Structure formats: C-alpha cells, structure tokens
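Could you walk me through this model in the viewer, one selection at a time? I would like to know what to click on next and what is there.

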There are 2 protein chains.
Amino acid sequence: MVKTYRKIKCKVSYDGTDYAGYQVQSNALTVQQLIEEAIEQIAKERTTIYASGRTDAGVHARGQVFHFRTACSIPVHKWPYAFVTKLPNDIVVWEAEEVPDDFHARFDVKEKIYRYSLMNRPFPDVFHRKYAWHVPYDLNLEAMRSAANYLIGEHDFTSFCSIKTDVEDKVREIYDISLEEHDEGRVWLTFRGNGFLYNMVRIMTGTLVKVGTGEWEPDRVRDILEACDRTAAGPTAPAQGLTLWEVKY
Amino acid sequence: MVKTYRKIKCKVSYDGTDYAGYQVQSNALTVQQLIEEAIEQIAKERTTIYASGRTDAGVHARGQVFHFRTACSIPVHKWPYAFVTKLPNDIVVWEAEEVPDDFHARFDVKEKIYRYSLMNRPFPDVFHRKYAWHVPYDLNLEAMRSAANYLIGEHDFTSFCSIKTDVEDKVREIYDISLEEHDEGRVWLTFRGNGFLYNMVRIMTGTLVKVGTGEWEPDRVRDILEACDRTAAGPTAPAQGLTLWEVKY
C-alpha cells in the first residue's frame with residue numbers, strides 16, 4: 001500500500017529558560033529535538049520539522065511556526081492533544097492545520113513579530129524574572145520612540161547583527177516598532193519586520209535602552225546604522241526578555 | 001551603650017513555586033526562614049519577623065507584609081537594597097518604612113486582597129503554567145459572578161475552610177469578589193475581605209469553577225454556605241494560581 005503523506009503546519013509556545021535554543025544541537029537539549037521525538041512517538045516514524053527560524057538559547061516563543069510531513073492518519077486537529085501527552089509542560093503545540101505541499105514555514109514567512117519585555121522599576125518583579133529584563137533606571141520612552149523611528153524601514157543592519165553569523169545579506173525591512181507601557185513598570189517593545197538577523201532584536205533593544213537612560217541621544221541610532229559596525233551599537237539585551245510573538249504568511 | 005530598636009514594616013513579593021509556604025518549618029525551606037537569615041546577615045542579630053499571615057506551599061505573594069524590630073542603624077529605605085544582595089531572586093523585598101512600635105503586621109490588618117488566576121483556553125499557557133490554573137472547559141463568567149455574590153458579606157465560612165485548621169471562629173467578611181477577563185483566556189478572580197480561613201480562597205475558586213462549567217447552578221453556593229460542611233463545597237483549586245496581592249492597614 002502506498003503511504004499518503006500530508007503536510008501539517010503547527011503553532012507552538014515554549015518557555016526557553018531551560019533550552020539551548022530552538023535548533024537541534026548534538027550536545028544540548030533543544031525544542032526541535034523534543035518535538036521531533038514527540039512526533040516519532042506519535043507517528044511511529046522519524047520526521048524532521050522545519051520552523052520559521054531558530055531562536056537563541058533562553059529566548060521564548062508564543063507563536064513559533066513549524067511544518068512537517070507525515071503519513072500518520074490521526075485527524076489534523078487532534079495533533080495538539082497528542083503533543084500534550086508527549087511534550088514537557090514548557091512546550092505547548094496549540095494549533096495544527098493541513099497545508100498545501102508547497103508551503104514552507106521558513107521560506108514563506110511574510111512577517112515576524114518579536115516582543116521584548118522590560119521591567120522598569122526599582123526592584124525586580126519575581127513573576128517576570130525569567131521573561132523580562134529588569135532595568136532599574138528611569139527610562140525616557142519618548143526618546144526611545146524617537147530613536148526607534150530611525151530603525152524603521154529597509155536598512156543594512158550590520159551594526160545590529162552578532163558577528164557570529166554566516167549571513168551575508170544584512171539588509172532587512174522593519175515595518176514597525178512600538179513601545180507600550182503596562183502596569184507596574186512593564187514595557188513592551190514590539191518589533192515587526194520581514195526578518196531579523198542573529199541577535200538583531202536584542203541589540204536593537206540594548207541600544208534603545210542606552211537612549212532611554214539618557215546615555216545616548218536618539219539620533220545616535222542613525223549614526224550607528226550608517227557605521228555598519230557591530231561595535232557601534234549598544235549591548236545585546238538578555239535573552240530572557242525576548243519572545244517570538246507571531247509569524248505571518 | 002543602650003541599643004535603640006526601630007520597628008520596620010516591609011512589603012515582599014515571592015514566587016511560591018519552590019517553597020513549602022511562608023511560615024518557618026523545621027524540615028522544609030520557607031520564605032520566612034530565608035528572610036530571617038537575610039536579616040541576621042545584614043543586622044548581625046537574630047530576629048523574628050511577623051507577617052500578615054501565612055501562605056500555603058506553592059502560593060505566591062505580590063504584597064505580603066511583615067514587620068521586625070532591629071537595632072541596625074542602616075537607613076530604612078536602604079533595607080530593600082540590602083535584602084536584594086542576601087535573598088534568592090524569587091523573593092524580593094520592594095518597600096520598607098519605619099512604623100510606630102505598636103504596629104503589628106498580623107493583628108492590625110484591615111483588608112486582604114487575594115487574586116486567583118485562571119487560564120481558560122483549550123491548551124495551557126507556558127508562561128503562566130506556574131502562576132495560573134489551566135481550565136480547558138468553557139466558563140460562564142456571568143454564572144460565576146452570580147454565584148460569587150452569595151459569598152459577599154459576613155458569613156460562617158466553615159464549608160469553605162480546610163478541616164485541617166485549629167481556628168474556631170469561622171465567621172469572616174468578604175467585601176467584594178470581582179471576575180475580570182484578560183487577553184488569551186486569562187481570568188482574574190479578586191477577593192477582598194477582612195481575613196480568610198485556611199484554603200478559603202482556593203475552595204471558593206474551586207466552587208466557582210464548578211458553577212462556571214455548568215456542573216452546578218449559582219444558587220447552590222447559598223446552600224453550600226448554609227451547610228457549614230466542607231464536603232458540600234467544590235474542590236480546592238491548585239496552589240499555583242493564588243497570589244496574596246495586597247494587605248491594607
């Protein structure tokens with residue numbers, strides 16, 4: 001009998017605290033590895049999954065997207081329930097749908113949304129300590145918004161990319177950056193773009209915080225962009241504040 | 001030289017996940033023990049602290065209040081900074097003030113506010129898994145509000161108290177119970193009252209959820225109150241959803 005394969009697209013949340021990132025590594029526990037092992041247990045077949053992109057060690061995801069092909073006959077909408085029984089409780093697959101065979105979770109991405117969470121208050125918040133960066137200095141959000149405006153649009157983001165990358169084309173387009181204040185000092189920086197380089201959101205955040213504390217003027221960000229030099233930008237903000245919020249196709 | 005003692009009132013947040021509750025026990029790690037050890041390191045003097053009340057194993061606090069007496073001469077507003085260096089990052093003392101010597105964190109309480117957090121969605125939320133109770137069934141919040149109204153006021157709450165208690169007077173007054181819906185299925189139940197019995201908020205929540213799922217009618221709560229019998233009420237909701245939010249004096 002010929003096996004019929006279907007392609008399934010899933011949305012997954014994970015708490016990155018205890019993982020060495022998304023992508024499989026030979027020597028450390030990753031989210032991809034656990035999902036592939038879960039599929040193997042459910043479908044009785046070894047499968048590779050393809051995500052919208054990797055996330056670094058300690059970075060979280062609310063709506064990471066991945067696809068895989070399977071001959072397993074369980075109804076598509078049952079896959080999230082099957083995953084619940086096979087995955088630890090810091091990884092939750094919460095949506096599954098069948099997609100055409102030419103869909104690709106990485107190559108078909110139209111937009112990615114990342115959210116960086118700051119806790120701007122004198123003392124840290126115990127409940128967000130694994131999900132936010134505690135910044136105890138007063139932040140001037142208006143200055144940060146002015147600085148962020150320089151980043152919006154299509155630019156060469158070499159200054160905002162880790163030097164540990166093989167990617168050559170460093171031109172990306174940022175559609176929007178918003179800064180929202182919430183209760184008790186929580187500040188959300190939401191970055192929307194067509195793609196992001198290695199550490200790019202964390203370096204942009206580290207740079208905007210330098211502006212927020214008054215150490216740098218907002219228009220310095222324009223000079224940093226033009227420098228095309230990683231050392232011109234601010235520090236890489238800690239991983240735990242970053243969440244891959246949503247991926248659009 | 002005669003030592004001058006001052007009384008200091010502090011507000012503390014803690015993530016209860018890894019603790020056997022607030023109150024010192026001989027055989028398990030508690031929040032009180034760690035705070036007393038921190039004070040001993042800072043003030044070089046053994047001190048007992050007195051809180052507004054205990055919280056159970058796994059229950060969190062945003063604004064637990066405690067007081068202690070000390071001869072240590074460091075300025076009162078510096079105490080939270082001193083605590084940061086001596087406490088693990090899941091316990092944060094975020095406010096300190098000097099109070100008159102007749103202040104007592106437990107006996108002077110005028111109002112306590114507890115918040116119980118539900119995640120009402122098909123799949124659990126990885127970021128709130130330690131801070132909320134995941135309820136995957138549809139909840140009728142209007143029915144829950146009707147049921148909650150029976151609990152407001154002064155009542156004998158014997159039905160809503162764990163039988164593992166030595167307290168004899170089970171009359172308490174609830175000033176208000178509110179149910180708020182937030183993003184992505186988060187529901188906050190906020191209980192305000194002059195005091196709460198052992199497990200009382202968790203048993204009220206377990207009972208209200210029985211009403212929310214439609215298993216019980218709202219007016220059954222009136223009968224449960226009148227029964228004065230713990231077995232008449234619903235189950236004790238899990239500890240991790242509960243937070244001692246604020247204590248008023």
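Here is a short tour of the interface in this predicted model.

**Stop 1: both chains.** Start by superposing chain A on chain B: a turn of 180° with a shift of 0.0 Å along the axis lays one on the other with an RMSD of 0.0 Å. That is the relation of a two-fold axis. The two copies use the same surface, as 100% of the contact residues of chain A recur in chain B.

**Stop 2: the contact residues.** Now select the residues where the chains touch; you should have 25 from chain A and 25 from chain B. Together the chains bury about 2000 Å², and carbon and sulfur atoms account for 66% of that. Show A:Phe123, A:Phe127 and A:Arg129 as sticks: these residues supply 34% of the area that chain A buries against chain B, more than any other three residues.

**Stop 3: the polar links.** Next, look for charged pairs across the interface. Four salt bridges are counted between chain A and chain B. For one to zoom in on, pick B:Arg62 and A:Glu184, whose side chains meet in a salt bridge at 2.7 Å, N to O. The count of residue pairs in polar contact between the chains, both at pLDDT 80 or more, is six.

**Stop 4: the elements of chain A.** Switch to cartoon and colour β1 (6-14), β3 (60-70), α2 (79-86), β4 (91-99) and β10 (242-248) of chain A, the elements that each give two or more residues to the side touching chain B. The largest share, four residues, comes from β4(A). Finally, colour this side of chain A by class: 15 residues are nonpolar, four polar and six charged.

Technical notes
Residues are numbered from 1 along each chain as its sequence is written. Chains are lettered from A and ligands numbered from 1 in the order in which they are written. This is a predicted model: local features need pLDDT of at least 70, side-chain atom pairs count only at pLDDT 80 or more; totals for chains, interfaces and linings use all residues. Side-chain values use heavy atoms; hydrogens and water are left out. Contact means heavy atoms within 4.5 Å. Buried area is the accessible area (1.4 Å probe) that two parts lose on being put together, summed over both. A polar contact is a pair of N or O atoms within 3.5 Å; within protein, one must be able to donate a hydrogen and the other to accept it, and residues adjacent in sequence count only if both atoms are side-chain atoms. Ala, Val, Leu, Ile, Met, Phe, Trp, Tyr, Cys and Pro count as nonpolar, Asp, Glu, Lys and Arg as charged, and the others, Gly among them, as polar. Copies are superposed by least squares on the C-alpha atoms of residues with pLDDT of at least 70 in both.
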